[in-house]
Amino acid sequence: GLGTVQNVTLKNVAATIVSQNDTVVIVTAGAGTAGAGVVVVTSSTGASVSRTGVWTYLTEGQVQTVAPNRGREGTVVWLTGTDLLGGGSQVTSVTLGGIAATLPVSSNSTTIRVVAGPGAAVSNGPVVVTVNTGATITRASSWTQLAAGSVDSFTPTSGQLGTRVTITGTDLLGGGSDFSSISIGGSAATYTALSGNETYVVVQAQSGANGQSGAVVLTANTGALVRSVGLWTYVTAGVISTVSPATGQAGTVVTISGTNLLGGGLSITQVRLAGVLVQQILPGSSD
């Protein structure tokens, strides 16, 4: 009681002393081989206290695979290995290349699923798993954080149901091979599989409320995200009020009246009557 704890060994391996008093000593275990061993506490006076049968080193956990091993914010990453909980009951943090990932969506002793967080580009950084006992499991040089993509433009910046929107940018796929979803103005847009690439994609707006606005958000099939700074806005949906005459045949001139018929566009490109494409849109047609 007159000295301080100067040294603690767990199965002959020096531990790091975190805090101490005359009744409790908290330490962090060093690296040791699997098996049971003696705990020895030595004070600054030279006095020592030991006990057998109270400490066993577990086989160290290993992260064996990281899939995918590259991505950016939003990328879903699977870690597989052995003894990933390291004697604990839950994972408390995972870092990918030094960047905190979203706490595991699911985890057990062999599989951990996380979502990559936002961060600067990192090449071949470590993956570190920490559990609630403080134990850490590290795999070196196994994660590359890709640079964030950017939405450089989207045209037009407003529209309604059916509006075609052209989106351009850089690194839009973020390590993925295709887009799994794209939203504009807060609503999902229609996208044709494999029609987009890293710099260009065209989508079609679905319905949204008048004045509804939000970013353009692209999600790749890895979960990687990229979002615009500017907003896309829904305008009042067009309405056809009258069609005159209401019947006719080939060559009949038909006048269609309504509101917002251009739907945010500059011109009408196609009209169908009872499902039949009209032969000509006459000059003077307007919103």
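Which backbone oxygen lies 3.1 Å from a polar atom of the side chain of R139? In this predicted model, the oxygen belongs to V63. R139 itself sits in strand β15, which spans residues 136-145. Its relative accessible area is 32%. R139 is therefore classed as partly exposed, since that class runs between the 20% and 50% cut-offs. Beyond its neighbours within four places in sequence, R139 is in contact with V63, Q64, V66, P126 and V127. V63 thus appears both in this contact list and as the source of the backbone oxygen described above. G125 lies 14 residues from R139 along the chain. The C-alpha atoms of these two residues are separated by 8.9 Å.

A second site centres on S187. This residue is in strand β20, made up of residues 187-190. S187 has a relative accessible area of 14%. It counts as buried because this value falls under 20%. The side chain of S187 makes a polar contact of 2.8 Å with the side chain of Q212. Q212 is also one of the contacts of S187 outside its neighbours within four places in sequence. The others in that list are I182, S207, G208 and Y234.

The third site is on the surface. I240, V243, I256 and L273 form a nonpolar patch there, of about 300 Å². I256 belongs to strand β25, residues 255-259. With a relative accessible area of 30%, I256 is partly exposed.

Terms used:
Residues are numbered from 1 along each chain as its sequence is written. This is a predicted model: local features need pLDDT of at least 70, side-chain atom pairs count only at pLDDT 80 or more; totals for chains, interfaces and linings use all residues. Side-chain values use heavy atoms; hydrogens and water are left out. Patches are made of residues with over 30% relative accessible area and no salt bridge: like charges are joined within 9 Å, nonpolar side chains (Val, Leu, Ile, Met, Phe, Trp, Tyr) within 5 Å. Accessible areas come from the Shrake-Rupley method with a 1.4 Å probe; for residues, only the protein chains shown count as cover. A salt bridge is a side-chain nitrogen of Lys or Arg within 4 Å of a carboxyl oxygen of Asp or Glu. Helices (H or I, at least four residues) and strands (E, at least two) are DSSP runs, numbered from the N terminus. Buried means under 20% relative accessible area, exposed over 50%, partly exposed in between (1.4 Å probe, protein chains only). A polar contact is a pair of N or O atoms within 3.5 Å; within protein, one must be able to donate a hydrogen and the other to accept it, and residues adjacent in sequence count only if both atoms are side-chain atoms. Contact means heavy atoms within 4.5 Å.
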